[in-house]
Amino acid sequence: MLTMQCLFPKTLNPNSFLRCFTNTPKSCSPKSFTVGSMSSASRMFQLKVDPLTGNTEWVVIEEEDEASGDSTKQLLANTSYLDMLNDTRRNKAYREAIDKTITKPCHVLDIGAGTGLLSMMSARAMGHGDSVESSGSKGMVTACESYLPMVKLMRKVLHANGMQRKIRIINKRSDELEVGVDMPSRADVLVSEILDSELLGEGLIPTLQHAHDKLLTHNPKTVPYRATIYGQLVESTDLWKLHDLFNNEKGVLDGIRLVPEEMDAAVCVKHQQFSMHCDALKEDIKLLSEPFKVFDFDFWRRPDSHRETKLSVKATDTGTIHAIISWWLLQLDEGGTVFYSPAPKWISCLANVEGPNVSISCCDNWCDHWKQCVWFIPMKGLSLLKDENVSLLAAHTDTSISYEMETLSQNMKFGRSELSTQKYQITLPPEKISLYCDVSWRCSMLTAIKNAMKQKMPSLCVVVDDSIFLAVALAHLTKGSHVISLFPGLQERGVHYLQAVAASNGYSKDQVEVQKICELLTSQNSKRKIDLIVGEPFYYGNNSVLPWQNLRFWKERSLLDSILSEDAVIMPCKGLLKACAMYLPDLWRSHRCLQNIEGFDHSVVNSTLGACGGLPSGQENPTLPFSIWQCGESKEMSDTVTIMEFNFLKLINSCSGKAKVEFIARGKCHGFVLWIDWVMDSEESIVLSTGPEQRYWKQGVKLLKEPLAVGSHSSATTDCHSAEIRTSFDPSTGDLIVDYAFL
């Protein structure tokens with residue numbers, strides 16, 4: 001899902017264990033692992049990141065440590081659990097399929113049990129409550145959940161529903177389970193929801209392989225029963241700009257070449273599918289084929305780790321294939337009567353699925369936990385004519401799907417070649433690639449640098465973040481200056497990159513270098529001072545952070561204060577915290593408080609998962625990062641206001657502010673959206689906004705407990721006409737407290 005917003009897997013296997021520490025998982029943002037055994041007090045190490053320094057530390061969460069609850073609430077609020085539990089289509093489909101599949105007492109294994117919803121559905125389907133204990137394993141549900149904070153939450157849910165004696169919780173990864181130790185026997189039925197937007201990214205295949213080998217009976221029943229991947233060829237300029245910096249940069253006449261002619265893969269995206277809400281791009285998308293089937297995955301039998309399939313796809317229109325958009329269709333029951341799909345809205349809910357009493361859940365309402373996937377076609381894409389056939393080779397591994405294609409008439413081939421092994425190659429998020437393609441943004445940045453040079457020709461320039469654009473631009477424009485980049489995320493690879501593109505950008509290799517901030521502070525004490533300090537700000541790997549967590553720029557500028565020259569120029573010189581009231585029905589619906597889910601009370605999880613409404617007095621749901629343009633239906637309900645300023649000319653300090661918001665439209669207000677506009681020069685002539693109209697950044701969203709009817713002062717209604725937003729920034733933690741009151 002784009003939302004390089006990614007998650008901790010519900011199950012791990014030895015082959016993917018290390019990968020889970022380098023890539024943020026897709027259903028849960030915290031990086032964590034568990035140690036210990038069921039016979040001793042379990043503990044988990046949770047990786048905690050300081051947003052203002054980038055420093056990390058491991059904190060221990062003990063099985064019996066209730067105090068750790070507060071420390072994990074923000075982490076759990078950033079996961080997809082709440083959105084998933086608010087997906088009524090998903091819940092209904094699973095309940096219907098479980099009721100059709102489990103018709104008598106049996107042993108059920110639930111892998112990735114979460115809050116225990118599927119486990120409780122399974123126990124209920126067997127016709128038992130909590131009053132009767134069945135002998136042996138018949139009538140038993142084994143719930144496997146590796147994430148300790150979620151295990152604690154599940155216990156509360158089971159207790160609230162009187163199911164704690166019917167369901168046995170095992171706090172382990174599924175590949176650690178042993179029959180005879182954790183389970184009395186192999187399970188007759190497997191229920192699971194270990195799917196991401198790509199289907200395979202949460203370890204579905206290795207999890208099923210281990211389950212069939214070690215945990216399930218021969219020919220078990222499963223919910224889901226089968227998943228089918230579908231794809232569609234599309235043309236989209238917006239999608240093209242998300243990955244092809246080389247060709248898009250050719251049309252820019254600013255003299256900067258981030259991707260020189262002979263190094264067309266110097267800056268690129270990772271060679272993978274990206275999840276995003278493609279409906280948000282529907283105005284730019286031109287469909288070039290009918291949907292086509294790619295792969296089937298059967299849950300009821302052991303899957304293969306690798307397969308390839310060749311397809312011939314006929315073009316339905318003339319155009320350029322920029323991407324393959326894919327999604328999956330889930331058949332949840334063996335009889336083929338219950339289906340679910342996160343297909344885009346332009347798909348007519350899979351009309352090829354027919355039959356009596358068929359229940360198909362798709363396209364009805366927005367949800368964020370499952371999206372569509374996009375596979376970028378390299379470079380400018382592949383041109384084709386209507387009715388022309390495209391030969392498509394699809395392949396899957398344990399955890400991903402990839403494609404290569406060629407047109408039969410033009411004999412042009414676009415392969416699945418691995419990323420270059422060149423040391424200089426930089427992989428960036430698609431949004432960052434698209435930003436570097438933006439002529440207006442580049443022009444603004446270069447103008448700001450030139451304005452700074454007019455004040456004083458800098459002898460020493462420092463780029464404090466991971467901006468390759470600013471590093472190259474400074475070296476290109478300030479011929480006699482020395483440029484030091486901190487590159488806290490890119491590190492050594494950034495060094496090789498700056499050296500590799502030097503000749504193409506007209507600077508010498510000895511003009512640039514990369515240092516750590518501690519090295520810079522030590523080496524500069526007795527040498528020349530810094531004349532220009534700059535940042536976008538952009539920190540590599542921080543793709544899903546709140547806007548104010550980029551105030552790390554302010555922290556690092558403050559650390560360097562002792563080696564700044566007296567008239568040093570700081571760019572940006574100021575940050576403006578902006579806010580706007582918005583109509584966000586889809587986003588609010590996906591984060592509303594939980595009550596009854598298919599007959600099971602889930603109200604005990606609202607506080608921990610950060611739900612809107614239903615919270616204890618005095619407790620607010622957290623402010624979370626979202627790309628507003630991908631949040632379904634939205635509308636601005638007020639003008640934009642400035643709440644507070646962050647003055648980067650001064651050392652980092654605590655600050656606060658407030659602003660009155662006047663509503664300009666009549667309707668429902670679901671929350672406030674907040675972002676930072678970066679003021680690049682002292683005259684405030686260049687201001688770079690990261691607001692909702694921009695697709696390159698995430699905004700912070702503070703959802704209301706309940707939607708509120710609002711209207712302008714000119715409307716003769718009793719609706720609310722204004723509100724006051726109050727914020728305070730804590731420089732010791734990087735936290736921004738957001739409060740509001742309606743007037």
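**Aromatic rings: exercises**

The charged end of R307 sits over the ring of F297, 4.9 Å from its centre. The model is predicted.

**Exercise 1.** Find which ring K432 lies over, and at what distance from the ring centre.

*Solution.* Start at K432. The ring beneath is that of F538. The distance to the ring centre is 4.2 Å. A lysine counts here if NZ is within 6 Å of the ring centre and within 35 degrees of the ring normal.

**Exercise 2.** Classify the aromatic pair of W328 and W370.

*Solution.* Step one: take the centres. They are 4.9 Å apart, and the limit for a pair is 6.5 Å. Step two: take the planes. The angle is 80°, and over 60 degrees counts as edge-to-face. The pair of W328 and W370 is therefore edge-to-face. Step three: place the residues. W328 belongs to strand β16, residues 323-331, while W370 is in the loop between β18 and β19, so the pair ties together parts 42 residues apart in sequence. Step four: check burial. Both W328 and W370 are buried.

**Exercise 3.** Classify the aromatic pair of Y436 and W441, then decide whether each residue is buried or exposed.

*Solution.* The centres lie 5.7 Å apart, with 45° between the planes. That angle is neither under 30 nor over 60 degrees, so the pair is tilted. Buried means under 20% relative accessible area. Y436 has 0%, so Y436 is buried. W441 has 6%, so W441 is buried too.

**Exercise 4.** State how many aromatic pairs there are, and list the cluster that contains W678.

*Solution.* The count is 21 aromatic pairs. W678 shares one aromatic cluster with F553, W554, F646, F648 and F729.

Methods:
Residues are numbered from 1 along each chain as its sequence is written. This is a predicted model: local features need pLDDT of at least 70, side-chain atom pairs count only at pLDDT 80 or more; totals for chains, interfaces and linings use all residues. Side-chain values use heavy atoms; hydrogens and water are left out. Rings of Phe, Tyr and Trp (its six-membered ring) pair if their centres lie within 6.5 Å; planes under 30 degrees apart count as stacked, over 60 as edge-to-face and the rest as tilted. Helices (H or I, at least four residues) and strands (E, at least two) are DSSP runs, numbered from the N terminus. Buried means under 20% relative accessible area, exposed over 50%, partly exposed in between (1.4 Å probe, protein chains only).
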